[in-house]
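This report goes through a two-chain model, starting from a local detail and working out to the contact between the chains. Please keep the structure open while reading.

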Amino acid sequence: MNTEYIGIIFMYLATVALAIPLGKYIAKVFNGEKTWLDFMAPLERMIYKFSGIDPNREMNWKQHLKALLTINCLWLFYAFFCLLFQGRLPLNPDHNPNQTPDLAFNTALSFLTNTNLQDYSGESGATYYTQLFVFMFLHFVSAATGIAAMMVVFKAMRDKITDKLGNFWDYLVKSITRLLLPLSFVVAVILAFNGTPTSFKGKDTVITLQGDTTHVSRGPAAAMIAIKQTGTNGGGWFGVNSAHPFENPNYATNIVENISIILISISLVFALGYYLNKKKLAWVIFGVMTTGFLIMVFPSIHAEVNGNPAIAHLGISQPGGSMEGKEVRFGPAASAYWGITTTVTSNGSVNAMHDSMMPISGLAQMFDMMINAFYGGVGVGYLNFYIFIIIAVFISGLMVGRTPEFMGRKIEAREMKIASLIALLHPFLILVGTALATYVLVHFPNAAWATKPSAWLNNPGFHGFSEMLYQVTSSSANNGSGYAGLTANNIFWNVSTGFVIFIGRFLPIIGPVAIAGILANKKFVPESAGTLKTDTATFGIMIFAVIIIVAALSFFPALTLGPIAEHFSIK
Amino acid sequence: MKTYIAPALKLSLILIVILSGLYPLAIAAIGKFTPGHGDGETVTYKGRVVGYANIGQKFTKDQYFWSRPSAANYQADAGAGSNKGPSNPDYIKDVKARIDTFLKHNPDIKREEIPAELVTASGSGLDPNLSPAGARVQVARIAKIRNIPAEQVVKIIDDHTENPLFGLFGPPKVNVLKLNVALDELKR
């Protein structure tokens with residue numbers, strides 16, 4: 001058991017140790033300073049030349065959003081039509097069929113928004129073409145979209161009175177060429193040498209030692225798995241994601257993949273410190289995020305390692321903890337740790353089935369996604385956190401009787417309205433979405449859909465409610481993990497979560513960018529004795545309190561009906 | 001909007017070529033130099049490929065080490081977990097039935113010696129491993145049916161135990177397929 005604890009402590013420390021220099025590097029890249037990856041510059045020039053882009057043309061915040069929404073719109077249509085006709089497109093060695101319109105709608109939105117909720121299984125529901133040319137492409141560009149939006153906010157926070165917030169295309173391309181692609185390349189090579197397939201050969205048929213016939217799905221998976229982790233995407237090649245022994249063959253790959261899940265998200269916090277030259281502020285943000293993260297990690301690991309009391313009552317031993325839905329090569333501690341890292345970061349890949357985890361783990365995982373800002377998804381995690389900062393500045397300003405200011409700009413009614421709306425959007429989507437699903441389940445149990453509502457749930461009672469709550473939460477948080485027992489490939493879930501995913505992605509990008517853009521145009525007020533200091537531990541506690549009050553408390557009643565009730569009823 | 005469509009289209013096109021074309025091809029080329037040549041590493045017995053080292057397979061016969069229960073019946077083109085919640089009464093019944101089956105086939109074993117992994121389904125449904133303890137509780141049955149000394153079976157387990165990474169990280173484990181190949185090789 002000791003080696004399991006050492007394994008996760010190592011994973012976390014290694015992540016932070018890598019994140020600090022990586023953050024510095026990211027700040028350098030977007031500052032236009034020299035870095036050792038400057039050999040990518042000719043490739044970037046070629047991309048700009050081909051696309052007719054002038055990377056030095058400055059954009060204001062509205063132009064940034066127009067560019068972002070235009071290109072995302074294109075990707076959505078491209079993805080949707082590829083999925084609708086994937087059966088006839090090339091690279092389909094396993095002869096998998098087209099996706100149905102509602103499934104294609106859900107899947108396209110899901111990958112476009114960095115969510116990667118998968119209502120299909122990769123082995124039978126996608127082709128090598130759609131895996132590589134739709135999913136993996138969107139893995140890269142959706143992560144880059146998040147980083148680009150975040151860079152707009154960074155620049156708006158730094159430069160005094162400005163409409164010049166850099167070039168969106170430049171941010172997008174550099175996020176890929178300088179960060180996501182090189183990092184994914186390294187991870188993919190490590191995975192390949194540990195047994196993850198890379199070739200384009202289709203299924204293999206094997207007669208096993210005992211004499212059974214089995215078909216083994218393969219494919220060029222290593223490349224995709226690398227970016228799915230580094231870009232906090234989470235949508236895997238195979239249906240069971242990183243629990244699959246090809247996606248995650250051993251403990252070494254588990255370490256590499258799990259570090260990749262949170263690495264960029266953490267390093268972006270440090271990037272903020274270097275980019276704004278406000279390292280103390282970065283440490284305050286990191287401190288708040290880490291506190292939230294640790295509060296979730298410990299109970300989950302404790303619950304999984306201690307095992308399932310209902311199984312203990314059957315009289316067998318649980319030396320390896322609760323093992324339903326888990327793999328022997330990872331064990332309960334690393335599975336619980338992954339479960340928390342993947343939900344705090346909006347990654348959503350899994351190395352064990354969350355549906356079978358203990359209720360305390362489910363509580364922690366859902367809570368992570370409801371906050372969605374403890375590290376958070378690449379780029380967008382910080383955007384969510386930025387909203388909480390604005391609210392915290394405003395509230396503490398009122399409390400101590402000072403004008404609320406952040407980074408030398410007054411925060412006034414207009415910004416506060418946007419921030420409040422965005423902060424309330426997430427609870428609204430989750431609670432209304434879950435309520436709608438519950439209503440349909442109770443009142444239309446026999447509706448004639450691909451799966452009747454009465455057959456949606458894989459588990460009875462409180463856990464069944466958790467399956468629905470988890471699905472909507474994961475959609476709104478753009479996470480993509482699921483309580484996979486829920487039969488979600490039918491028109492109700494495909495369409496409802498499709499809309500939740502879409503709204504839950506783009507409004508929380510538009511809001512912070514707008515606030516930052518508006519603030520950047522305001523008069524700069526130099527710091528004085530009357531300014532509320534934002535880079536102190538006191539302010540960190542204030543942010544934490546705002547997160548708990550605004551986000552957490554709105555979800556408490558729903559969580560009580562699901563994991564909390566299950567925890568107290570399990571025997 | 002209009003001014004953004006043309007660059008967006010062209011940028012998407014060239015990024016697709018680089019990210020979805022060149023990048024996976026480069027990884028595939030590097031994959032050729034890996035142990036399984038990028039196709040997945042296989043295990044052979046008497047010159048026949050009997051499976052993939054990393055992909056678990058079904059072992060239910062008494063002369064073999066059993067694999068863990070699988071919600072996918074070890075079909076490696078449709079891996080799946082059971083997704084049963086820990087409080088689900090039907091699930092607890094399933095586990096109970098598996099315990100009874102195990103005790104019937106392993107009469108020398110006491111109930112409290114059975115590790116949970118042998119009666120719970122894995123996340124992938126393709127778990128290739130057991131903990132060393134999960135293999136050891138099966139020694140008596142295998143030794144009896146194969147008519148070989150128990151020490152010989154224990155030795156196979158010890159020889160095939162994969163220790164934690166660098167002796168530090170993660171749980172120890174054994175690969176069930178490799179154990180069973182070693183058992184069959186004893187006969188020769």
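In this predicted model, strand S2 (residues 213-216) of chain A has side chains that alternate between two faces. Thr214(A) and Val216(A) point to one face and are buried, while Thr213(A) and His215(A) point to the other and are not. The partner of S2(A) is strand S1 (residues 204-207) of chain A; the two run antiparallel and are joined by four bridges. Within this pairing, Asp204(A) stands opposite Val216(A), one of the buried residues of S2(A). S1(A) and S2(A) make a hairpin, with five residues between the strands. The turn includes Gly211(A), whose phi is positive, about 105°.

Confidence in chain A can be stated briefly. The average pLDDT is 94, and 100% of the residues score at least 70. Strand S3 (residues 405-406) of chain A has the lowest confidence, with a mean of 88, and helix H7 (residues 168-193) of chain A the highest, at 97. Where pLDDT is low, predicted coordinates should not be read in detail.

Two helix residues of chain A show what surrounds a buried position. Asn106(A) is part of helix H4 (residues 101-112) of chain A. This residue counts as buried because 30 C-beta neighbours lie inside 10 Å, against a cut-off of 20 or more. Not counting residues up to four places away in sequence, Asn106(A) touches Asp119(A), Asn494(A), Thr497(A) and Gly498(A). Phe499(A) is 393 residues from Asn106(A) along the chain, yet their C-alpha atoms are separated by 8.3 Å.

Ala221(A) belongs to helix H8 (residues 221-230) of chain A. With 31 other C-beta atoms within 10 Å, Ala221(A) is buried. Once its neighbours within four places in sequence are set aside, the contacts of Ala221(A) are Thr196(A), Pro197(A), Trp237(A), Phe246(A) and Glu247(A). Glu566(A), 345 residues from Ala221(A) in sequence, is 37 Å away in space, C-alpha to C-alpha.

Turning to chain B, there are six helices and four strands, in the order α-β-β-α-β-α-α-α-β-α along the sequence. The chain has 188 residues, of which 48% count as buried. Its radius of gyration is 22 Å, whereas a compact globule of 188 residues would have one near 16 Å. Along the principal axes, the C-alpha atoms of chain B fill a box of roughly 75 × 45 × 35 Å. The chain is divided into domain 1 (1-39) and domain 2 (41-186), and the C-alpha centres of these two domains of chain B lie 40 Å apart. Among contacts in chain B with a separation of 6 or more, 55% are between residues 24 or more positions apart.

Which residues of chain B other than glycine have a positive phi? Asn73(B) is one example, at about 50°, and Asn147(B) is another, near 60°. Most residues other than glycine have a negative phi. Asn73(B) sits in the loop between S2 and H2 of chain B, and Asn147(B) in the loop between helix H4 (139-146) and helix H5 (150-160) of chain B. Asn73(B) counts as exposed because it has 12 C-beta neighbours inside 10 Å, and the cut-off for exposed is 12 or fewer. Asn147(B), with 6 other C-beta atoms within 10 Å, is also exposed.

The neighbour counts for the residues discussed above are collected here.

| Residue | C-beta atoms within 10 Å | State |
|---|---|---|
| Asn106(A) | 30 C-beta atoms | buried |
| Ala221(A) | 31 C-beta atoms | buried |
| Asn73(B) | 12 C-beta atoms | exposed |
| Asn147(B) | 6 C-beta atoms | exposed |

How many residues of chain B are in contact with chain A? There are 89, and they meet 99 residues of chain A. On the side of chain B that touches chain A, at least two residues each come from helix H1 (2-31), strand S2 (48-52), helix H2 (89-105), strand S3 (129-130) and helix H6 (176-186) of chain B. H1(B) gives the largest share, 20 residues. By type, the residues on this side of chain B divide into 48 nonpolar, 27 polar and 14 charged.

Methods. Residues numbered from 1 in each chain as written. Chains lettered and ligands numbered in written order. Predicted model: local features only at pLDDT ≥ 70, side-chain atom pairs only at ≥ 80, totals over all residues. Contact = placed C-beta atoms within 7 Å. Nonpolar A, V, L, I, M, F, W, Y, C, P; charged D, E, K, R; others polar. Rg over C-alpha atoms; globule rule 2.2 N^0.38 Å. Domains from an automatic or database assignment. Pairing = 2+ DSSP bridges. pLDDT = per-residue confidence, 0-100.
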